[in-house]
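Below is a colleague's note on the model, arranged as numbered points. Please read each point with the coordinates open beside it.

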Amino acid sequence: MPFTGEVKSDFLKSVVMPKSKRPNFINFAGTDFIELRQGLIDYIKAVYPLDYENFQESDLGVMLIEIVAYMGAVLSHKADALANENYLKTARQRSNVQKLLELIGVRMRGPISAATNARIIWPWTSAGASPWQPGDLDVAISITPANRVITVTSPEDGELVTYTLYKVKSDGMVDTANSTGNVSLVGTESHGGVSSVHTNVALLEGSLVVQEGTFASTEDTKTVTLEQAPVVEGSADVFITGQGGTSGAYSEVDNIYFASGSSDRIFQLLTDDDFNATVVFGDNFISQSPNVGDNYIITYRIGGGSRGNIRSNAINTSITGAIGATEYIGEITNTSVGVGGADAETVDHAKRYAPQTFRRQDRIVTLPDFEAFANTFISKYGSVGKATASVRKAFSSANVIDIYVLEKANDLQLRRATPQFKSELLTAMNRKKMLTDELVVVDGLIRALDLVVTVRIDKELERMEPEIQTVVRDNILKYFFVDNIEFGQALYLQDLARSIHNVEAVRFATVDNISDDIMVEHNEIIQLNNLTINMISI
């Protein structure tokens, strides 16, 4: 080929990017897939401008770039997640929150059972076919653990739900553990003499489990692993028969280290993510430790949740009791609405009250201490509530603290607290308060709210209107969840509208029946009553 006199040169090929300069083209701020992908492409263009120029989606090189970006995004996400999950404020996984709280001696609450009052009518005729006759009303009819369990259909999901019978004592409290697990009803406790109608009983949701055994371990700290799960919160009763002063009923506490003496008969319940539970006793330095050879009987319930909330008279079935070898079949009915059933404590609720629980250190001094204790208290019935505390203004009553409380009926509704709940709460707080404080448990007020909302969506989304309406309803209900609303918390329409506009398909939403923000007093709490959602396509 003859020489034309023209000299061609590609000076770019002779330019080599020094390794010391290459880090200047790395985007260290990139964390997600798009940023990493674009950062890799920019780096290749800068460092290898002529070696690789095909950035089409179908090219093998782009596929390799995207694989590297994919792995980088995964690793970046995991690094962020690990960092977030190490702190209570930013943790999201329930198991991680639970482990963080265990470090400070706070346990997340498990599922709560519904409760309802009940009535038992034993057989009686004019011929005297009754468990009791005049003159022998002190005789007790015993109901064994197997006969205490009653199964009905849940109105929530149509599946079977189980209730367990308990005796209510004269002070309104549920009877505690005994050596047999039986419920004993005496004739003198019935109404109308020999009419044999007992109303001093209650039904608590959950299937009763009786676990018996003997302590064989020589370790100071005795433990018993419960065989079935999920264990209903507050349902475990422990009774020990032994030597050396260890016999008797043991009470559950939040933390075994809260014992005030070596002879305290208490136990702590440790649970895992699936609410499998272990009963932990003391070591004779921190509360009483059972002796080797002592026998134990532990009764507890498994189940819990909102599916146990039933209407009154939903249970109407037979129940068997015995006096000696003679069996009697009575009729049991729930005489009140079954309420209080709730799922396990939410992460948000635990993150809100756990720091306050840790701060009060098993004593109640400040108003936040009272509020933290009352909002995390679980009655023997298994119910929980919402509470706030305030000090009276009068000079002569500056040591009187009013505890305004409402009992939780379900995730969306509160109700007036029962006398049993208020009595148990007051008793529990009196054990922890300062000696000079005088506590008064008062009913809180519910501000019922009817809400009419109009939601506007694009016309092309009209076919998805039912799905969008469901999502909007869920967002509104979440806004009014019991755990998200506090005493004295006002309703700001802007906040409510923001929760609705979080649904991407919603173009605009308005509250039709409320024009201004709703302010409430310190002892009032807003509760959603009726909700109407109107959908408009534009």
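1. Strands β11 and β12 pair in the antiparallel sense over four bridges, where strands are DSSP runs of E with at least two residues and helices are DSSP runs of H or I with at least four residues, both numbered from the N terminus, and where two strands count as paired if DSSP finds at least two bridges between them. Within this pairing, the bridge partner of Leu269 is Val279 in β12. Strand β12 also pairs with β8, again in the antiparallel sense, over three bridges, and there Thr278 in β12 is the bridge partner of Thr225.

2. Some conventions apply throughout: the model is predicted, local features need pLDDT of at least 70, side-chain atom pairs count only at pLDDT 80 or more, and totals for chains, interfaces and linings use all residues. Residues are numbered from 1 along each chain as its sequence is written, while side-chain values use heavy atoms, with hydrogens and water left out.

3. Three places in the backbone deserve a check. Phe275, in the turn of the hairpin that β11 and β12 form with five residues between them, has a positive phi of about 60°, although Phe275 is not a glycine. Its relative accessibility is 13%, so Phe275 counts as buried (buried means under 20% relative accessible area, exposed over 50%, and partly exposed in between, with a 1.4 Å probe and protein chains only). Gln361, in the loop between α4 (347-360) and α5 (367-376), likewise is not a glycine and has a positive phi of about 50°; with a relative accessible area of 46%, Gln361 is partly exposed. Finally, the peptide bond from Ala229 to Pro230 is cis, with omega near 0°, and Pro230 sits in the loop between β8 (223-225) and β9 (237-241).

4. Further along the chain, three strands form an open sheet of mixed pairing in the order β21-β20-β22. Its edge strands, β21 and β22 (524-537), each pair on one side only, and neighbouring strands of this sheet are turned by 25° against each other on average, direction ignored (axes are lines fitted to C-alpha atoms, for helices over the stretch in contact, and angles run from 0 to 180 degrees between N-to-C directions). Strands β20 and β21 run antiparallel and are joined by five bridges, with Val455 standing opposite Ala509 in β21.

5. Two helices meet this sheet. Helix α8 packs on the sheet by touching β20 and β21, and its direction makes about 150° with that of β21, contact here meaning heavy atoms within 4.5 Å. Helix α7 lies across β20, β21 and β22 and runs at about 165° to β22.

6. Which residues of helix α8 are buried? In this helix (residues 493-501) they are Leu493, Leu496, Ala497, Ser499 and Ile500. Seen down the axis of α8, these residues fall within an arc of 155°, so they line one face of the helix, the arc being that of the directions from the helix axis to the C-beta atoms. Their cover includes β20 (445-457), α7 (465-479) and β21 (506-511).

7. The largest nonpolar core has 26 residues, and those with the most contacts inside it are Leu451, Val455, Val472, Ile476, Phe480 and Leu491; such a core is a set of buried Ala, Val, Leu, Ile, Met, Phe, Trp, Tyr and Cys residues joined through side-chain atoms within 4.5 Å. At least two residues of this core come from each of β20, α7, α8, β21 and β22. Not counting residues up to four places away in sequence, Val472 touches Val455, Ile500, Val503, Val506 and Ile533. A second, separate core of 22 residues includes Trp122, Val152, Tyr163 and Leu165.

8. Asp402 is placed in strand β17 (residues 400-408) and, at 7% relative accessibility, counts as buried. Its side chain is joined to that of Arg392 by a polar contact of 3.0 Å (a pair of N or O atoms within 3.5 Å; within protein, one must be able to donate a hydrogen and the other to accept it, and residues adjacent in sequence count only if both atoms are side-chain atoms). Not counting residues up to four places away in sequence, the residues that Asp402 touches include Thr388, Ala389, Ser390, Val440 and Val442.
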